[in-house]
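Student: Pick one small part of this chain and take me through it closely, please. Then work outwards and tell me how the rest of the chain is arranged around it.

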Amino acid sequence: MLVAVLDSGVDPAHRDLAGSVTEGRDFTEGANPRGVAPSRLHGTYMASLIAGHGHGPGGRSGVIGVAPRARILSVRVILEDEEPGFRTFNTAERFENVVARGIRYAVDHGADVINMSISKELATREERAAVRYAISRGVVLVAAAGNEGAGRPRATG
């Protein structure tokens, strides 16, 4: 099974993911100043929860994900908050539809599942079309549900 992680990038050398990660396209290219390497923190965390296979003798140390035999396709569509290009990425028009392009890229590169632990207020027309494209190809999409927990509902719902 190939799971595309649309996020801040996945570290293919992480010891609990080694051998399981293919680095796909970086749709954020040009947002950070030249020579600044991506942090890939959040994406690596998410990929570990999905496909972590542990490390050490018998893989008994580290993180074991829910699908440790899955392969990961890393598709970078966001920057970490602390990256120097974060503001540029979030304001430049050229990055407006990177999630839609990332979904289509993942589908076209064989993803069975697309994980998007990212958030937005409203989906663009291009993002809605990309989701329809993925569904029409039988790809399962998993989206973030938020980090708020099960609290009392807000007045706005």
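Tutor: Arg 40 counts as partly exposed because its relative accessibility is 22%; the label covers the range between buried, under 20% relative accessible area, and exposed, over 50%, with a 1.4 Å probe and protein chains only. Keep in mind that this is a predicted model, where local features need pLDDT of at least 70, side-chain atom pairs count only at pLDDT 80 or more, and totals for chains, interfaces and linings use all residues. Residues are numbered from 1 along each chain as its sequence is written, and side-chain values use heavy atoms, with hydrogens and water left out.

So where does Arg 40 sit? Its place is the loop between β2 and α1; helices here are DSSP runs of H or I with at least four residues, strands are runs of E with at least two, and both are numbered from the N terminus. The backbone is worth a look too: phi of Arg 40 is near 55 degrees, a positive value in a residue that isn't glycine. As a rule, most residues other than glycine have a negative phi.

Now the side chain. Arg 40 pairs with Asp 11 in a salt bridge, the closest N and O atoms being 3.8 Å apart. That pair ties together distant parts of the chain, 29 residues apart: Asp 11 belongs to the loop between β1 (2-7) and β2 (21-26), and Arg 40 to the loop between β2 and α1 (41-51). The cut-off for a salt bridge is a side-chain nitrogen of Lys or Arg within 4 Å of a carboxyl oxygen of Asp or Glu. With 25% relative accessibility, Asp 11 is partly exposed.

The structure holds 5 salt bridges, so let's follow a couple of others. Asp 26 and Arg 76 meet in one, at 3.5 Å from N to O. This pair also links distant parts of the chain, 50 residues apart, with Asp 26 in strand β2 and Arg 76 in strand β5 (residues 71-76). Asp 26 is partly exposed at 26% relative accessible area, while Arg 76 counts as buried at 5%. Arg 76 has another partner as well: Glu 83, at 2.9 Å from N to O. Glu 83 is buried, with a relative accessible area of 4%. Back at our starting point, salt bridges with shared partners join Arg 40, Asp 11 and Glu 23 into one network.

Step on into α1. Its buried residues are Gly 43, Thr 44, Met 46, Ala 47, Ser 48, Ile 50 and Ala 51. They pack against β1, β3 (53-55), β4 (61-64), β5 and β6 (113-116); contact here means heavy atoms within 4.5 Å.

Take Asn 115 in strand β6 as a view from the other side. It's buried, at 9% relative accessibility. Neighbours within four places in sequence aside, Asn 115 is in contact with Val 3, Ala 4, Val 5, Leu 6, Met 46, Ile 50 and Val 142. By contrast, Asn 115 and Gly 30 are separated by 24 Å between C-alpha atoms, with their positions 85 residues apart in the chain.

For an outward-facing spot, try Arg 60, in the loop between β3 and β4. Arg 60 is exposed, with 76% relative accessible area. From Arg 60 to Ser 117 is 57 residues in sequence and 27 Å in space, C-alpha to C-alpha.

Finally, zoom out. The chain has 4 helices and 7 strands, running β-β-α-β-β-β-α-α-β-α-β from the N terminus. Of its 157 residues, 39% are buried. Among contacts between residues at least 6 apart in sequence, 77% join residues at least 24 apart. The radius of gyration is 16 Å, which agrees with the value near 15 Å for a compact globule of 157 residues; it's taken over C-alpha atoms, and the globule rule is 2.2 Å times the number of residues to the power 0.38. Along its principal axes, the C-alpha trace spans about 45 × 40 × 35 Å.
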